[in-house]
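This report is written for someone meeting the structure for the first time. It starts with how exposure is judged and then goes through the interior, the surface and a loop.

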Amino acid sequence: MQFNFLYIMLAAFIPVALGFIYYHPKFVGGAWMKATGITDEKLKSGNMVIIIAASLVLSFLMAATLAMLVTHQTDLHSMFNGIEGYGEEGSAISKLMTEAFEITGDRYISFGHGVVHGSMLGIFLVFPVMAINNMFERRPFRVTVINTIYWIITLALMGGVLCKFGFESFTFASM
């Protein structure tokens with residue numbers, strides 16, 4: 001099983017591209033700026049080249065991790081990794097994994113399946129983290145909602161792309 005780095009890199013661009021649209025002042029950006037107290041001057045004060053580059057690097061890390069979380073076949077590999085015979089053609093583990101892949105086929109390898117998992121991560125992981133941080137930072141709940149919706153949409157799209165295209169192959173022999 002091999003990562004398809006082209007699609008992982010593509011998924012890493014989703015947060016940045018979607019952020020340009022979502023946080024545009026004519027979309028949600030105006031409400032976000034008002035809720036956070038950020039001004040145009042403050043936004044223009046940062047080095048956008050460094051911010052975008054750092055965002056892409058962090059998004060790549062997120063995409064590589066997300067690829068493993070939205071695709072169940074990686075769980076099967078991680079469950080048997082390290083057991084005697086893992087990776088050896090003809091072993092009992094090899095036969096078991098091949099049979100499992102034949103039974104499941106591409107049942108869980110779809111854009112929609114990745115969207116569901118990405119959305120769940122946004123709702124059940126990102127939302128609580130943002131809500132906790134924002135409560136301690138005394139930020140309005142509106143900031144939590146605006147940012148969480150962005151991340152739910154972003155992770156849903158990333159999850160969809162990665163689940164459908166994130167791996168070259170799901171056969172045992174391709175490890």
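A residue counts as exposed when its relative accessible area is over 50%, as buried when that area is under 20%, and as partly exposed in between. The model shown here is a predicted one. By the cut-off of over 50%, Phe141 is exposed, because its relative accessible area is 53%. Phe141 lies in helix 8, and together with Phe111, Phe127, Val145, Ile149, Ile153 and Leu157 this residue makes a nonpolar surface patch of about 560 Å². Helix 7 and helix 8 each supply at least two residues of the patch, and the largest share, five residues, comes from helix 8. In soluble globular proteins, nonpolar side chains tend to be buried together.

**The nonpolar cores**

Turning to the interior, the largest nonpolar core has 15 residues, and those with the most contacts inside it are Ala11, Ala63, Leu66, Met158 and Leu162. At least two residues of this core come from each of helix 1 (5–22), helix 4 (48–70), helix 7 (111–136) and helix 8 (141–165). Helix 8 gives the largest share of this core, five residues. A second, separate core has eight residues, among them Tyr22, Tyr23, Met33 and Ile146.

Which residues does Ala63 touch, once its neighbours within four places in sequence are left aside? Ala63 is in contact with Ile8, Ala11, Ala12, Met158 and Leu162, with those sequence neighbours not considered.

**Helix 4 and its cover**

Helix 4 has 23 residues and spans 31 Å from its first C-alpha to its last, which is close to the 33 Å expected at 1.5 Å a residue. Its buried residues are Ser59, Ala63, Leu66, Ala67 and Val70, and what covers them includes helix 1, helix 7 and helix 8.

Two serines of this helix can be described in turn. Ser59, which lies in helix 4, is buried, because its relative accessible area of 4% is under 20%. When residues up to four places away in sequence are not counted, Ser59 touches Ala12, Pro15 and Met158. Ser55 also has its place in helix 4, but at 26% relative accessibility Ser55 counts as partly exposed.

**Ala156 and helix 8**

Is Ala156, a residue found in helix 8, buried or exposed? Ala156 is buried, because its relative accessible area is 10%, a value under the cut-off of 20%. Leaving aside neighbours within four places in sequence, Ala156 is in contact with Gly114, Val115, Gly118 and Ser119. The C-alpha atoms of Ala156 and Val115 are separated by 4.2 Å, although these residues are 41 residues apart along the chain.

**Separations along the chain and in space**

Another residue to place here is His77, which lies in helix 5 (residues 73–80) and counts as buried at 4% relative accessibility. The table sets out C-alpha separations for four pairs of residues, including the pair of Ala156 and Val115 already described.

| Pair | Apart along the chain | C-alpha to C-alpha distance |
|---|---|---|
| Ala156 and Val115 | 41 residues | 4.2 Å |
| Ser55 and Val16 | 39 residues | 7.1 Å |
| Ser59 and Ile149 | 90 residues | 17 Å |
| His77 and Gly118 | 41 residues | 21 Å |

**The salt bridge and the loop between helix 7 and helix 8**

How many salt bridges does the structure hold? The structure holds one salt bridge, in which the side chains of Arg139 and Glu137 meet at 3.2 Å, N to O. Arg139 counts as partly exposed at 40% relative accessibility, and Glu137 is partly exposed as well, with a relative accessible area of 48%.

Arg138 is found in the loop between helix 7 and helix 8. This residue counts as exposed, because its relative accessibility of 67% is over 50%. Most residues other than glycine have a negative phi. Arg138, by contrast, has a positive phi of about 60 degrees although it is not a glycine.

Key. Residues are numbered from 1 along each chain as its sequence is written. This is a predicted model: local features need pLDDT of at least 70, side-chain atom pairs count only at pLDDT 80 or more; totals for chains, interfaces and linings use all residues. Side-chain values use heavy atoms; hydrogens and water are left out. A nonpolar core is a set of buried Ala, Val, Leu, Ile, Met, Phe, Trp, Tyr and Cys residues joined through side-chain atoms within 4.5 Å. Buried means under 20% relative accessible area, exposed over 50%, partly exposed in between (1.4 Å probe, protein chains only). Helices (H or I, at least four residues) and strands (E, at least two) are DSSP runs, numbered from the N terminus. Contact means heavy atoms within 4.5 Å. Patches are made of residues with over 30% relative accessible area and no salt bridge: like charges are joined within 9 Å, nonpolar side chains (Val, Leu, Ile, Met, Phe, Trp, Tyr) within 5 Å. Accessible areas come from the Shrake-Rupley method with a 1.4 Å probe; for residues, only the protein chains shown count as cover. A salt bridge is a side-chain nitrogen of Lys or Arg within 4 Å of a carboxyl oxygen of Asp or Glu. The expected span of a helix is 1.5 Å times one less than its number of residues.
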